[in-house]
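Here are a few exercises to work through with the structure open beside you. Try each one before reading its solution.

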Amino acid sequence: VPLGSTPGRRARASRRRLSPIRSIVLTAVAITLSVVAGGLSYFLPAAYTAVQATGQVVSPFPSLSPTPLATNSPTPPAPAQVGAFTILLLGSDDDSKFQGDHVLTQSMILVRIVPSTHSVTMLSIPRDLWAPLATGGSGKMDWAYSYGGPGAAMASVAQDFGVHIDGYIWVGLLGLIRLIDAIGGIDIVTTNPVLDDYYPLDINTNSPYGYARIAVLGGPQHLDGTHALQYVRSRHNDIQSDFGRSRRQQQVLLAIRQKAKQLTAADLPALAAAIGGELKTSISLSRVAELLPLASSFDNPDAIHQIVLASPYTRGGAPSGSLYGNWGLILPLVHQYFP
Amino acid sequence: MIPRFLLGLFLALVMVFTGTSTYLFISSRQSRIAVAPLKPTAVAPTPHAFVLPGTLYLEQSGALYSLIAGRFHQLTPEEGWTQPSLFPDMKDMLAVKRSGFYSNVFVLNRFGHALGALTNNAAGKYSYDTGDNHWAFYPRLSLNEATVFLSYDSPKFGYEVDLSIWQMPYNGSIRQGRIWTDINDATGYTGGDVEPIPVPSGILFTKYVRQPDGSIFSQLWFTNSAGSYGRPLTGANEACADPSMSPDFHYVAMVCSYTKQLAYLVIAPWYGSSLGPRSVIISNQFVAQPIWAPDSSGIAFLAPTAPDGPFQLWFLPSQAYFPPAPSPVPTPTPLPGGPVAPSPSPSPAPPPPVIKPIQLTTDLGFDASSPLAWAP
């Protein structure tokens with residue numbers, strides 16, 4: 001023991017030092033923790049948004065079980081397809097003309113996905129279709145959401161069309177614009193020039209009752225979110241009105257799916273930040289995670305069926321300028337694609 | 001033995017470094033699909049890159065650009081300029097300036113300086129009806145430079161706003177113009193008639209036609225007099241648009257979708273008022289706005305870099321669609337006063353090399369709804 005030092009001081013000095021093995025272990029733990037922390041800080045905002053948007057509780061309505069308007073379908077139901085599921089896509093004006101969640105669903109598309117056959121069927125439900133609503137009475141189909149939220153919309157479609165619906169996805173106008181911009185726009189062959197002298201000027205404005213003129217020219221082109229929305233929303237210069245618009249909506253949905261195949265997990269935070277608050281779904285986050293990889297497997301154009309219920313499936317003359325459904329034709333068609 | 005203080009300091013630094021690196025690494029794995037296109041003038045020409053002959057005019061983000069010797073020059077500010085088309089004598093050009101509710105046709109010199117407006121499509125000062133405005137698109141000057149052909153949204157019937165092909169005097173106004181293509185109830189509400197191309201015998205244009213099932217597809221049509229109905233040059237199932245006439249008026253290049261989400265590059269011989277058999281020359285790209293090189297060396301067009309994204313500039317050399325004729329097989333020549341020289345042994349001709357399109361830009365984003373213009 002050197003002069004001037006005591007065993008106690010040596011012990012204290014020894015306690016202030018760590019052995020190399022313990023130092024290495026601590027370093028490894030620190031690196032692991034910081035890697036996890038770095039990853040969490042990247043994905044946490046997206047995870048928060050995803051948790052907020054997914055797993056929305058659907059208010060139950062008594063008629064959620066399918067009880068179609070007519071049951072004497074001449075087409076026998078197809079055998080059940082393994083893993084198949086049906087989602088109701090809802091698109092709404094959600095500008096300041098509307099209060100809270102009492103919006104009309106201008107776009108209602110029933111989508112059936114069959115993973116085993118890699119097939120997709122999209123059935124556009126006319127928003128002006130006059131039918132019994134789950135909230136009581138009859139009305140235009142797009143009123144159901146306004147009266148009772150997504151649960152009422154799902155229940156109305158389920159009871160009128162005799163289909164089982166597994167969940168819904170709702171997106172607002174701004175959400176569609178932001179979604180398409182977040183994936184860098186879409187490539188599309190626009191079917192024709194879409195010109196509208198009275199296109200609603202209701203986004204990002206204090207006066208949502210104004211009009212704009214739009215001209216989306218025809219042919220192959222790259223559309224950003226704003227122009228894609230103009231393409232799918234305009235209906236004044238379409239003699240088929242809502243039916244023509246429905247065709248364009250299905251076309252844009254397929255273009256979004258095509259572009260989304262290039263996304264990586266690292267894109268999720270930017271995507272979530274873009275559409276946060278403008279998208280909600282009853283599908284759980286874990287189910288979404290299961291379904292996302294499926295998107296890239298639907299590549300066969302012949303396995304994508306697009307259905308629009310134009311004449312003879314519907315006809316005019318119903319109240320409030322709406323349409324009567326020819327249920328004798330609609331239901332066999334629906335049962336064929338949505339068994 | 002390592003002092004605790006030093007180890008703690010070391011670990012703190014390691015954690016900050018590793019955490020930040022992890023964050024940056026993950027963010028670097030983002031796809032590039034949402035990256036905004038660069039301005040053409042921000043891209044330096046690559047040494048030894050393929051250079052197009054002459055001067056090509058294109059539009060990106062509302063600005064016109066020229067491409068000369070591999071270098072882009074911005075001609076106009078980003079103020080809605082689009083659809084340039086050169087005068088037949090190549091001295092000046094027409095272009096459209098698009099505002100929020102209307103668009104006008106201007107004459108520009110080849111440096112992008114506006115020399116004057118040919119239309120005035122804005123609604124009156126006291127008008128509160130958005131329908132009082134008008135669109136003018138796709139201007140083209142006739143071969144004698146006396147007449148402008150354009151797509152103009154008149155007449156309008158309430159909500160029906162369709163474009164018709166109009167003719168107006170170059171030194172006059174649209175009020176002195178005449179409608180060339182006929183809009184009637186059978187073809188209304190389709191978007192109408194666009195992309196007129198004056199040819200010696202009349203005009204070639206794209207017509208959007210409604211099919212019996214309600215769907216709408218484009219067809220190339222031809223008409224030779226104002227007010228006539230004209231006649232189709234391509235079938236509805238071909239769904240062709242974006243026509244471009246070769247400099248010698250012998251061929252038409254066009255884009256056909258065959259009613260799918262496809263855009264193939266197709267050429268066909270032009271017989272003065274009808275089209276010959278079609279040849280698909282690009283079927284694996286999403287093609288738009290083909291234009292023939294003024295020296296007939298190839299066709300430039302716009303297409304995304306596979307699989308999709310903003311449209312880039314491409315060039316297809318003419319050897320891809322007009323393969324050179326095979327060299328003649330040498331024939332034996334009799335020697336004077338002697339036997340016939342032996343014929344060279346026939347060897348199978350080597351397969352012609354596959355000519356692929358050349359991608360000229362990578363990170364730009366040209367407007368695929370705006371035709372290109374190309375001067376020698």
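**Exercise 1.** Work out whether T259(B) is buried, partly exposed or exposed.

*Solution.* Keep in mind that this is a predicted model. T259(B) has a relative accessible area of 31%. Partly exposed covers the range between under 20% and over 50%, so T259(B) is partly exposed. Next, look at the backbone: T259(B) is not a glycine, yet its phi is positive, about 65°. Finally, place T259(B) in the chain: it sits in the loop between β20 and β21 (264-269) of chain B.

**Exercise 2.** Do the same for F249(B), starting from its phi.

*Solution.* Phi of F249(B) is near 60°, again a positive value in a residue other than glycine. F249(B) belongs to the loop between β19 (240-245) and β20 (251-256) of chain B. With 28% relative accessibility, F249(B) counts as partly exposed.

**Exercise 3.** Describe how helix α4 (residues 173-182) and helix α5 (residues 225-233) of chain A pack.

*Solution.* Start with the geometry: the angle is about 130° and the axes are 8 Å apart. The two helices, α4(A) and α5(A), are therefore oblique to each other. Their crossing is right-handed. Now list the contacts: L173(A), L176(A), I177(A), I180(A) and D181(A) of α4(A) meet α5(A) residues including A228(A), L229(A) and V232(A). By class, the residues of this contact are seven nonpolar, two polar and two charged.

**Exercise 4.** Find where the cis peptide bond between S311(A) and P312(A) lies.

*Solution.* Its omega is near 15°. P312(A) is in the loop between β13 and β14 (314-318) of chain A.

Key
Residues numbered from 1 in each chain as written. Chains lettered and ligands numbered in written order. Predicted model: local features only at pLDDT ≥ 70, side-chain atom pairs only at ≥ 80, totals over all residues. Heavy atoms only, no water. Axes fitted to C-alpha atoms, helices over the stretch in contact; angles between N-to-C directions. Helix = DSSP H or I, 4+ residues; strand = E, 2+ residues; numbered from the N terminus. Parallel < 35°, antiparallel > 145°, perpendicular 65-115°, else oblique. Left-handed = near helix turned anticlockwise from the far one by under 90°. Contact = heavy atoms within 4.5 Å. Nonpolar A, V, L, I, M, F, W, Y, C, P; charged D, E, K, R; others polar. Buried < 20%, exposed > 50% of the residue type's maximum accessible area, 1.4 Å probe, protein only.
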